[in-house]
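Open the model in your viewer and keep the selection panel at hand. The stops below each begin with something to select.

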Amino acid sequence: VAEYLSSADALESAYRFPGTRVLGMVDCESCRLGCVLLLSPASPPRGTIIALHGYNAYSAFNLSALYRLAENGWAVVAVDLPGHGNSSGTRGYTGDFSEYADSVRDVVRWINDQKGYDLPRPLVLLGHSTGGAAALETLWDHPEGIDRAVLVAPLIEPRHFTITSTIARVSSAFSPYGPIPGAKQGYLCFDRMPFEWVKALARWRSGLKMRSAIDIPILVVQG
């Protein structure tokens, strides 16, 4: 717990969140999700945000920004995606992006069922990059109880993905993993990428044009 939160604090050492931080786990059907709950000193909250990070990251990277949302009156549940951060699962792996959506569905159920904290509606999904893709998949598969969504640079058109997908398809015949260039950005990051994750992303992207319209307000932030 201390290392996780201290790694987040190191990103903005001059700032201290004035509210409450709770680091814990949410049990899902297929995994256990590491979560950070942020509660403002002001009460009651104006609503609840489920925050989803990008690939090869975890919620500690985003806490500095999420603190401001909590200070502005929102209750925030920052979720480590399966295979990331404190969550269970093979590092960086998903067999299908619907698995991300199933995990978010279980977090929504936990929010609705738990009695220890005031986590009111509206319930907003906030997803960055892969977290944005996970939020979109959740809106298609399990929209129940979700009122709004904010997608920050959602992983819909990755740069050079045709090349990446081809490399993954060919290389997976020889190894299940490929290297991730550069130094590890955090102590819970990983240094190799499962090619199956790249294939799962390719399948997800290929089906986007056939998906139905989403009847929930969405704000997309790109650029």
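Select serine 59 and show what surrounds it in this predicted model. Apart from neighbours within four places in sequence, serine 59 is in contact with Tyr4, His53, Ala78, Val79 and Asp80. Serine 59 sits in the loop between strand 3 and helix 2. Is serine 59 buried or exposed? With a relative accessible area of 2%, serine 59 is buried, because the cut-off for buried is under 20%.

Stay in that loop and select asparagine 56, which is also found between strand 3 and helix 2. Check its backbone: phi of asparagine 56 is near 55°, a positive value in a residue other than glycine. Asparagine 56 counts as buried, at 17% relative accessibility.

Now select histidine 160, in the loop between strand 6 and helix 5. Histidine 160 has a positive phi of about 60° and is not a glycine. Unlike the buried asparagine 56, histidine 160 is exposed, with a relative accessible area of 56%.

For another backbone feature, go to the bond from arginine 121 to proline 122. Is this peptide bond cis or trans? The bond is cis, with omega near 10°. Proline 122 has its place in the loop between helix 3 and strand 5. As background to these stops, most residues other than glycine have a negative phi, and most peptide bonds are trans.

Next, select residues 98-113, which make up helix 3. How far apart are the end C-alpha atoms of helix 3? They are 22 Å apart, which agrees with the 22 Å that its 16 residues should span at 1.5 Å a residue. Colour the buried residues of helix 3: Tyr100, Ala101, Ser103, Val104, Arg105, Asp106, Val107, Val108 and Ile111. When looking down the axis, keep in mind that an α-helix has 3.6 residues a turn, so residues three or four places apart point the same way.

Move to glycine 73, in the loop between helix 2 (63-71) and strand 4 (74-79). Which residues does glycine 73 touch, not counting residues up to four places away in sequence? They are Ser40, Pro45, Arg46 and Gly47. Glycine 73 counts as buried, at 14% relative accessibility. Then draw a distance from the C-alpha atom of glycine 73 to that of phenylalanine 17: the separation is 13 Å, for residues 56 apart along the chain.

Phenylalanine 17 leads on to an enclosed space, as it is among the residues that line the largest cavity. The rest of that lining is Ala8, Asp9, Glu12, Tyr15, Arg16, Ser64 and Tyr67. This cavity holds about 40 Å³ of space, and a search of the whole structure finds one cavity of 30 Å³ or more. Helix 1 (2-9) and helix 2 each supply at least two residues of its lining. By class, the cavity lining divides into four nonpolar, one polar and three charged residues.

Two pockets remain. About 680 Å³ of space lies in the largest pocket. To find its centre, select Tyr55, Leu155, Pro158, Met193 and Trp197, the closest to it of the 27 residues in the lining. Helix 5 (161-171), strand 7 (177-179) and helix 6 (195-206) are the elements that give two or more residues to this lining. Which element gives the largest share of the lining? Helix 6 does, with four residues. The lining of the largest pocket comprises 17 nonpolar residues, nine polar and one charged.

The second largest pocket has a volume of about 210 Å³. Select Ala51, Leu66, Leu69, Leu126 and Val152, which are the closest to its centre among the 14 residues that line this pocket. At least two lining residues come from each of strand 3 (47-52), helix 2, strand 5 (123-128) and strand 6 (148-152). Strand 5 gives the most, with four residues. The lining of the second largest pocket has 10 nonpolar and four polar residues, and no charged ones.

Technical notes. Residues numbered from 1 in each chain as written. Predicted model: local features only at pLDDT ≥ 70, side-chain atom pairs only at ≥ 80, totals over all residues. Heavy atoms only, no water. Buried < 20%, exposed > 50% of the residue type's maximum accessible area, 1.4 Å probe, protein only. Contact = heavy atoms within 4.5 Å. 1 Å grid on protein atoms, 1.4 Å probe; cavity = no way out; pocket = protein on both sides within 12 Å on 5 of 7 lines; lining within 4 Å. Points joined across faces, edges and corners; volume = space filled by probe spheres on them. Nonpolar A, V, L, I, M, F, W, Y, C, P; charged D, E, K, R; others polar. Expected span 1.5 Å × (residues − 1).
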